[in-house]
Amino acid sequence: VQLQASGGGLVQAGGSLRLSCAVSGSASSIDVWAWYRQAPGHQREWVATLTNSGDTNYIDAVTGRFAISRDTVRNTVSLQMNNLKPEDTAVYYCNALFIATKAPYEHNYWGQGTLVTVSS
């Protein structure tokens, strides 16, 4: 599975951006899709998750502002980000997780990051 993230940029506080992750390869084998982010001087943190059953989860800081979704026709995973805040500034990474039935159980795939900068 190969992932290619895009859609980052510079936006003012209160604005919106939509990140997209183009998926190629065996997308049907993936169990969980996610977005992570890494702010300057901080560790990478999980932001949002979408399971194959359609369940979504978000870090508290973005709940109600961000939405993760998947388009199986276009083979993309998106992160709609609304009401952006300066603290959302980070490099955002898309992630795909395949859970195997034997060890090693977890197989993670990462896209390259896309930079989101929110000015105050």
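Arg37 is buried, with a relative accessible area of just 6% (buried being under 20% relative accessible area, exposed over 50% and partly exposed in between, with a 1.4 Å probe and protein chains only). Its salt-bridge partner is Glu45, and the closest N and O atoms of the two sit 2.7 Å apart; a salt bridge here is a side-chain nitrogen of Lys or Arg within 4 Å of a carboxyl oxygen of Asp or Glu. Glu45, at 31% relative accessibility, counts as partly exposed.

A quick note on the setup. The model is predicted, so local features need pLDDT of at least 70 and side-chain atom pairs count only at pLDDT 80 or more, while totals for chains, interfaces and linings use all residues. Residues are numbered from 1 along each chain as its sequence is written, and side-chain values use heavy atoms, with hydrogens and water left out.

Side chains of opposite charge can pair when their charged atoms come close. Searching the whole structure turns up four salt bridges. One of them joins Asp88 to Arg65, with 2.8 Å between the closest N and O atoms. This pair ties together distant parts of the chain, 23 residues apart: Asp88 belongs to the loop between strand E8 (76–81) and strand E9 (90–99), and Arg65 to the loop between strand E6 (56–58) and strand E7 (66–71). Strands (E, at least two residues) and helices (H or I, at least four) are DSSP runs, numbered from the N terminus. Asp88 and Arg65 are both buried.

Arg74 and Asp71 form another salt bridge, their closest N and O atoms being 3.9 Å apart. Arg74 counts as exposed at 67% relative accessibility, whereas Asp71, at 27%, counts as partly exposed. As for shared partners, salt bridges join Arg37, Glu45, Arg65 and Asp88 into one network.

Away from the charged pairs, Asn95 is worth a look. It lies in strand E9 and, at 3% relative accessibility, counts as buried. The side chain of Asn95 makes a polar contact with that of Asn108 at 3.0 Å; such a contact is a pair of N or O atoms within 3.5 Å where, within protein, one must be able to donate a hydrogen and the other to accept it, and residues adjacent in sequence count only if both atoms are side-chain atoms. A polar atom of the Asn95 side chain also lies 3.4 Å from the backbone oxygen of Tyr109. Leaving aside residues up to four places away in sequence, Asn95 touches Leu3, Val32, Trp33, Ala34, Tyr36, Asn108, Tyr109 and Trp110, contact meaning heavy atoms within 4.5 Å.
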